[in-house]
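Thanks for sharing this one. Here are a few notes to read alongside the model, starting with a sheet and moving on to a pair of helices.

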Amino acid sequence: MSSTSKNRIIRSKTSPESNWRELLHDKGEPVIGDEPLDVQVIGAFIHLSDIHICDAASPARLEFLDRIADPDNPISQLVPYIGTYRAQEFLTTQVLEAMVVAANEIKSGPLTGAPIDAVVITGDVTDNAQSNELDWYKQILDGGLVIPKSGDPERSEASHSSNADLYDEHYYHPDGPPTGMPADRPHLLHNFPHFKGALKASEREFNARGLTHKWLAVHGNHDALLQGTAATTPELDVLAQGPAKLAALKNMADLADLFTGFGEVGPAVYPGLDHMETVEVTADPRRALVKMQDWVNVHTNCGHDHGLDAEQPETSYWYRNIGADVRLIALDTVNRFGGWQGCIHREQFDWLTHILNESKNKYVVLTSHHPLENLFNSYVPEEESAPALEEEVRRLLSKHPNVILWFSGHVHDHKITQSRNSDGSHAFWEIRTGSHIDWPQQSRVIEIVKSNNGKIAIGTVIFDHAGPLTFNGTADELADPVALAGLSRLLAANDWQRQNGGPFALELMEGQPEDRNIWLWANDPLK
């Protein structure tokens with residue numbers, strides 16, 4: 001056992017006059033809570049979530065909406081955050097590679113020394129439900145050649161491009177502006193530096209090392225829905241593969257209608273091309289939108305167990321036994337009809353009820369993309385049975401005291417809460433882990449032990465990806481995908497929409513110390 005301090009990364013301003021923040025290692029954080037002694041380890045997981053592998057050149061993305069939440073936009077107080085664009089989104093493949101490097105270095109649990117049973121990836125592995133994004137994710141985890149580029153093979157067509165015909169000053173352009181055009185707003189207003197060659201480097205092929213641990217996959221809303229919100233349609237599939245990239249609304253009066261139909265609870269409706277301004281890009285059939293069969297197939301056609309079952313091509317929920325004592329149940333909390341918050345469709349809820357009834361002699365660990373509190377997307381077409389939402393799921397779990405933990409992602413923050421029964425007593429622990437695309441780009445180790453004194457304990461420690469803290473744009477850095485992941489983290493730490501407090505502040509995404517490195521205790525429900 002070890003409760004030694006763990007390094008984590010903090011932000012530090014370079015000068016009082018600059019908005020740009022550099023990064024440094026602090027002295028580390030201790031593991032909070034009583035350290036268990038004389039225990040048996042019954043499970044150890046590495047938890048990755050919200051990878052958001054992003055084809056930044058996709059025609060079907062809605063980056064232009066994000067500027068509505070910029071601090072100087074008149075309506076930003078009404079819409080403080082949207083999340084359809086990030087300055088660092090062109091570097092997502094490199095961030096996953098750097099996280100794989102860090103995860104491979106974890107040979108055993110940092111608190112118990114126990115071997116890692118599995119890496120569990122809780123959804124949103126893609127950003128826009130595209131086949132090429134899914135392929136990049138899978139190739140990085142498998143190892144081998146990754147070519148993270150779509151569209152024109154010779155030039156970038158991402159929003160970050162400095163090509164004059166694509167340039168938009170609202171986006172970050174690492175190469176700077178085209179000749180004769182003004183610098184972009186991130187540079188002028190927020191001191192974002194330019195790193196010439198970074199965009200080209202982000203689209204350059206690299207050899208991924210591959211994840212050495214066994215890994216299991218959980219389905220997320222961005223894996224099934226465009227922008228994590230809109231159900232795929234043949235028309236949207238044509239848009240994603242086609243030559244017309246969405247660039248702006250022709251009439252801003254349409255904005256209210258767009259937001260009304262593009263939210264937490266489905267159905268979500270994309271704007272029609274007749275309402276949009278577009279720019280010409282290169283069509284690419286590799287951007288075909290992912291169907292459930294595609295999601296299952298990519299995880300089952302490789303000869304390895306990633307949780308899903310090839311004989312159930314329309315089913316993305318599953319369970320696995322971990323050792324002799326733990327049953328890991330993975331839920332698909334995506335509302336397949338649209339909306340970015342979650343639910344459990346009726347056929348899956350019936351399955352969960354059955355599996356829990358068959359698991360009474362095991363410690364049950366639940367995992368999903370959405371946390372329990374975000375299961376409020378009730379929308380289904382009239383002919384469909386109503387899905388199970390938070391209250392009904394809690395009622396079911398209250399009948400099964402052997403459920404000890406539910407871990408998830410979706411919110412892009414570190415958070416630990418204690419779920420309680422109706423009488424106020426402890427029910428189970430809930431753990432959320434942050435994302436790869438937003439600050440602080442960290443993951444988590446979860447270790448579960450049972451003691452001889454009638455207690456169980458769950459120990460958890462946060463870890464960083466392998467990217468460096470600094471980036472200067474040197475030739476060596478541009479040639480190294482792990483160094484480019486350092487640039488991504490630096491850009492994420494400087495997100496201009498998250499630096500001035502509010503519900504989406506950078507500090508909230510980090511969580512409190514008790515959301516990161518801690519021992520969580522409970523009575524042993526099987527004693």
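Which residue of strand 15 is the bridge partner of V364?

1. That partner is V403. A word of context before going on: this is a predicted model, so please read every point below as a description of a prediction. V364 and V403 belong to a pairing between strand 14 (residues 363–367) and strand 15, which run in the parallel sense and share four bridges. Strand 15 itself spans residues 403–408 and is mostly covered, with six of its six residues buried.

2. Stepping back, these strands sit in an open sheet of six, ordered 12-13-14-15-17-16, and the pairing is mixed. The edges are taken by strand 12 (318–322) and strand 16 (415–420); each has a single partner strand, so one side of each lacks a neighbour in the sheet. From one strand to the next, the twist averages 20°.

3. The antiparallel part is worth a look too. Strand 16 pairs with strand 17 (residues 426–432) in the antiparallel sense, over six bridges. Within that pairing, I416 has I431 of strand 17 as its bridge partner.

4. Now for the helices on this sheet. Helix 9 (residues 346–357) packs on the sheet and touches strand 12, strand 13 (326–330), strand 14 and strand 15. The direction of helix 9 makes about 180° with that of strand 13. Helix 10 (residues 390–397) lies across strand 14, strand 15, strand 16 and strand 17, and runs at about 150° to strand 15.

5. Helix 8 (residues 292–300) deserves its own point. Its buried residues are M292, W295, V296, V298, H299 and T300. What do they pack against? The partners are helix 2 (131–142), strand 7 (215–218) and helix 5 (221–224).

6. Finally, the geometry of helix 2 with helix 8. Their axes are 11 Å apart and the packing angle is about 20°. The two helices are therefore roughly parallel to each other, the cut-off for that term being an angle under 35 degrees. Helix 2 passes helix 8 in a right-handed crossing. On the helix 2 side, the contact is made by L134, D135, Y137 and K138; on the helix 8 side, by D294, W295, V298 and H299. Sorted by character, the residues of this contact comprise four nonpolar, one polar and three charged. W295, V298 and H299 appear both in this contact and among the buried residues of helix 8.

How values were computed
Residues numbered from 1 in each chain as written. Predicted model: local features only at pLDDT ≥ 70, side-chain atom pairs only at ≥ 80, totals over all residues. Heavy atoms only, no water. Buried < 20%, exposed > 50% of the residue type's maximum accessible area, 1.4 Å probe, protein only. Contact = heavy atoms within 4.5 Å. Axes fitted to C-alpha atoms, helices over the stretch in contact; angles between N-to-C directions. Parallel < 35°, antiparallel > 145°, perpendicular 65-115°, else oblique. Left-handed = near helix turned anticlockwise from the far one by under 90°. Nonpolar A, V, L, I, M, F, W, Y, C, P; charged D, E, K, R; others polar. Pairing = 2+ DSSP bridges.
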